[in-house]
Amino acid sequence: MKMSGINLLFLVVVAVFATLSADAYDPNPLQDFCVAVNDSSAAVFVNGKICKDPKTVTSDDFYHSGLNKPGEIISQYGSKVSLVFIDQLAGLNTLGISIVRIDFAVGGVNPPHSHPHASEILLCMEGTIYAGFISSNPSNPGDKNRLFAKILNPGDVFVSPKGLIHFQYNLGNDTTAVAIASLNSQNPGVVTLSNAVFGSDPPVIPEALAKGFQLDIEAVQQLQSLTWIGNG
């Protein structure tokens, strides 16, 4: 059967798109910003670290252990995120992947946060976890952001798209929970909203936050007086 030029062109375009979509490398900057500098000794590398001489690379460069062990939960959120990013596993450099373990105490939460550089796929390993993400602002200012959420049991998987606010909460009344998440970046970045907004250094002026969150100045100042931390 003969193929028209248009159909052939369509197949070529599809093939090229599929090839590009399958690329696992980080296509976007992995830093929040990159200020130009003329002094080469003061420069940093974008989207990766200095490569080790291939002759000196060993199996240990691609190996990390410990995700079978529960993380020590000491944060006020009642959760612990154990990271395996580029700083924990050098072999991830340029590969565009990473993984984390999340341990939840009873009532623990991995608070609302975002990953500027990565999407996330979360696997519930133990317990019952309420996981969700919130859409970006709709085109109509009068419409509400949408919440997409599911209750996860062991073996269930939930995906959070790149850059969107998402969270996980342990629904178990008397049980802990564990999840494993994989991200498509060696350095996904983490922005924990509460810490970023109310715990920044220097602090945002209370008047701006009071107006933005429709709160009293006193409520904002009280929130800013608390100890905020990131969670992974």
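In this predicted model, residue Q214 is exposed, with a relative accessible area of 75%. The threshold for this class is a relative accessible area over 50%, so the value of 75% places Q214 among the exposed residues. Q214 is located in the loop that joins helix 3 to helix 4 (217–224). Its backbone is also notable for a positive phi of about 55°, although Q214 is not a glycine.

A positive phi is likewise found at T94, which is not a glycine; here the angle is about 75°. T94 belongs to the loop between strand 1 and strand 2. With a relative accessible area of 33%, T94 is partly exposed, because its value falls between the limits of 20% for buried and 50% for exposed residues. A further backbone feature concerns the peptide bond from D201 to P202, which is cis, with omega near 0°. P202 is situated in the loop between helix 2 (193–198) and helix 3 (206–213).

Charged side chains were examined next. Side chains of opposite charge can pair when their charged atoms come close. In the present model, the count of salt bridges comes to two. One of them links D61 to K52, with the closest N and O atoms 3.0 Å apart. The two partners fall into separate accessibility classes: D61 is buried, at a relative accessible area of 17%, whereas K52 is partly exposed, at 44%. The limit for a buried residue is under 20%, so D61 at 17% meets this criterion, while K52 at 44% does not. The other salt bridge brings together the side chains of R101 and D103, with an N to O distance of 2.9 Å. In this pair, both R101 and D103 are buried.

The search for open and enclosed spaces gave the following results. The largest pocket has a volume of about 310 Å³. Its lining is made up of 15 residues, and those nearest the centre of the pocket are C51, K52, A90, G91 and N93. K52 thus appears both in the lining of the pocket and in the salt bridge with D61. By class, the residues that line the largest pocket comprise eight nonpolar, three polar and four charged.

Across the whole structure, one cavity of 30 Å³ or more was found. The space within the largest cavity amounts to about 100 Å³. A total of 14 residues line this cavity, of which V81, N110, H113, H115 and N231 lie nearest its centre. Strand 1 (79–84), strand 2 (98–104), strand 3 (109–114) and strand 9 (177–183) each contribute at least two residues to the lining. The residues that line the largest cavity are divided into eight nonpolar, five polar and one charged.

Finally, the surface was considered. A nonpolar patch is formed there by I121, V157 and V159, which together have about 230 Å² of accessible area. One of these residues, V157, lies in strand 7 (residues 157–160). V157 counts as partly exposed, since its relative accessibility is 45%. Membership of a patch requires over 30% relative accessible area, and V157 at 45% satisfies this requirement.

Terms used. Residues numbered from 1 in each chain as written. Predicted model: local features only at pLDDT ≥ 70, side-chain atom pairs only at ≥ 80, totals over all residues. Heavy atoms only, no water. Patch = residues over 30% accessible without salt bridge, like charges linked within 9 Å, V, L, I, M, F, W, Y side chains within 5 Å. Areas by Shrake-Rupley, 256 points an atom, 1.4 Å probe, with all protein chains shown as cover. Salt bridge = Lys/Arg side-chain N within 4 Å of Asp/Glu carboxyl O. Helix = DSSP H or I, 4+ residues; strand = E, 2+ residues; numbered from the N terminus. Buried < 20%, exposed > 50% of the residue type's maximum accessible area, 1.4 Å probe, protein only. 1 Å grid on protein atoms, 1.4 Å probe; cavity = no way out; pocket = protein on both sides within 12 Å on 5 of 7 lines; lining within 4 Å. Points joined across faces, edges and corners; volume = space filled by probe spheres on them. Nonpolar A, V, L, I, M, F, W, Y, C, P; charged D, E, K, R; others polar.
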